[in-house]
Amino acid sequence: MSFFNLIPTGGLTLAASLAVSTAAFAASPTPAVPAAPAPAAPAGSDRITNPVAEFAGIDKITGRIITFDVYIDETVQFGALQVTPRVCYSRPQTEEPRTDSFVEVDEITLDRKIRRIFTGWMFAESPGLNAVEHAVYDVWLKECKQKSDVPAPDATKADATKADAPKPAATKPAAAKPPAAASPDAKQPDLTEPGATDAN
């Protein structure tokens with residue numbers, strides 16, 4: 001008997017032993033398992049939507065690191081970069097911190113054109129994962145906040161609108177105008193007859 005004739009026989013024996021052990025496992029009584037608790041709500045349902053995203057940026061030429069707040073859908077310029085967060089999510093204090101923001105970053109080129117250099121998610125816990133790396137400036141997400149010391153863009157616009165709005169003139173009650181004093185030399189035409197003129 002050659003080696004090749006043994007292989008199918010061994011394969012059949014292995015398959016038969018697997019079938020027997022599977023049937024024996026299925027026939028064995030299963031121990032009573034206590035009912036599992038209902039699965040917890042997904043972590044995404046507990047996330048908090050924040051109106052402010054806090055970023056940090058570094059100017060590689062001067063070595064200065066600047067922290068700045070940006071309201072959602074507002075654009076703030078940092079050096080030659082324009083940073084616009086679209087959403088900023090965080091988790092409650094009782095959960096593991098996970099802070100992320102969807103951000104768009106544009107670069108103002110030397111010829112005054114705007115070029116998109118980044119669109120995507122930034123993660124505060126992993127700043128190096130999706131930070132914006134530029135030749136001169138780097139920007140990364142620090143945290144999401146409910147309040148900021150920077151005034152909201154709507155409040156700024158409302159204040160500017162109030163300042164630019166024309167102030168209403170002080171209205172006085174309408175007083176009857178005294179009739180114009182007639183000069184003794186000129187006689188006024190009679191208004192009851194149109195086209196009538198005085199011939200003196």
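Is Phe78 buried or exposed? Phe78 is buried, because its relative accessible area is 7%, and a residue counts as buried under 20%. The model examined in this report is a predicted one.

**Overall architecture**

The protein chain contains two helices and nine strands. Read from the N terminus, the order of elements is α-β-β-β-β-β-β-β-β-β-α. Of the 200 residues of the chain, 22% count as buried. The accessible surface of the protein chain comes to about 15100 Å², and carbon and sulfur atoms account for 61% of this area. Among the contacts with a separation of 6 or more, 47% are made by residues 24 or more positions apart.

**Strand pairing**

Strands of a sheet pair through backbone hydrogen bonds, either parallel or antiparallel. The table lists four pairings in this chain, together with the number of bridges in each.

| Pair | Sense | Bridges |
|---|---|---|
| Strand 2 (residues 52-59) and strand 3 (residues 64-71) | antiparallel | eight bridges |
| Strand 2 and strand 9 (residues 137-145) | antiparallel | eight bridges |
| Strand 5 and strand 6 | antiparallel | eight bridges |
| Strand 6 and strand 7 (residues 114-123) | antiparallel | nine bridges |

An open sheet is formed by four strands in the order 3-2-9-8, with antiparallel pairing. Its edge strands are strand 3 and strand 8 (132-133), each of which pairs on one side only. Within this sheet, Asp59 has Arg64 of strand 3 as its bridge partner, while Glu54 is matched with Glu143 in strand 9. Strand 2 and strand 3 form a hairpin with four residues between them, and Gly63 in the turn has a positive phi of about 80°.

Strand 6 (residues 100-108) takes part in two of the listed pairings. Leu81 has Glu107 of strand 6 as its bridge partner, and Phe102 stands opposite Trp121 in strand 7. The hairpin of strand 6 and strand 7 has five residues between the strands, and Arg112 there takes a positive phi near 65°. Strand 6 is mostly covered, with seven of its nine residues buried.

**Two buried residues**

Phe78 belongs to strand 4 (residues 76-78). Apart from residues up to four places away in sequence, Phe78 touches Gly57, Ile58, Asp59, Ile66, Phe68, Tyr137, Asp138 and Val139. One of these partners, Asp59, lies 19 residues away in sequence, and the C-alpha atoms of the two residues are 9.1 Å apart in space.

Which residues does Gln82 contact, leaving aside its neighbours within four places in sequence? They are Thr75, Val76, Gln77, Glu104, Val105, Asp106, Ile108 and Ile114. Gln82 is found in strand 5 (residues 81-90). Its relative accessibility is 17%, and Gln82 therefore counts as buried.

**The largest pocket**

Rolling a probe the size of a water molecule over the atoms shows where empty space is left. In this model, the largest pocket holds about 200 Å³ of space. Its lining consists of Ile48, Ser90, Arg91, Pro92, Gln93, Glu95, Pro97, Arg98, Thr99, Glu143 and Cys144. These lining residues divide into four nonpolar, three polar and four charged. Glu143, which helps to line the pocket, is also the bridge partner of Glu54 described above.

Key
Residues numbered from 1 in each chain as written. Predicted model: local features only at pLDDT ≥ 70, side-chain atom pairs only at ≥ 80, totals over all residues. Heavy atoms only, no water. Buried < 20%, exposed > 50% of the residue type's maximum accessible area, 1.4 Å probe, protein only. Contact = heavy atoms within 4.5 Å. Areas by Shrake-Rupley, 256 points an atom, 1.4 Å probe, with all protein chains shown as cover. 1 Å grid on protein atoms, 1.4 Å probe; cavity = no way out; pocket = protein on both sides within 12 Å on 5 of 7 lines; lining within 4 Å. Points joined across faces, edges and corners; volume = space filled by probe spheres on them. Nonpolar A, V, L, I, M, F, W, Y, C, P; charged D, E, K, R; others polar. Pairing = 2+ DSSP bridges.
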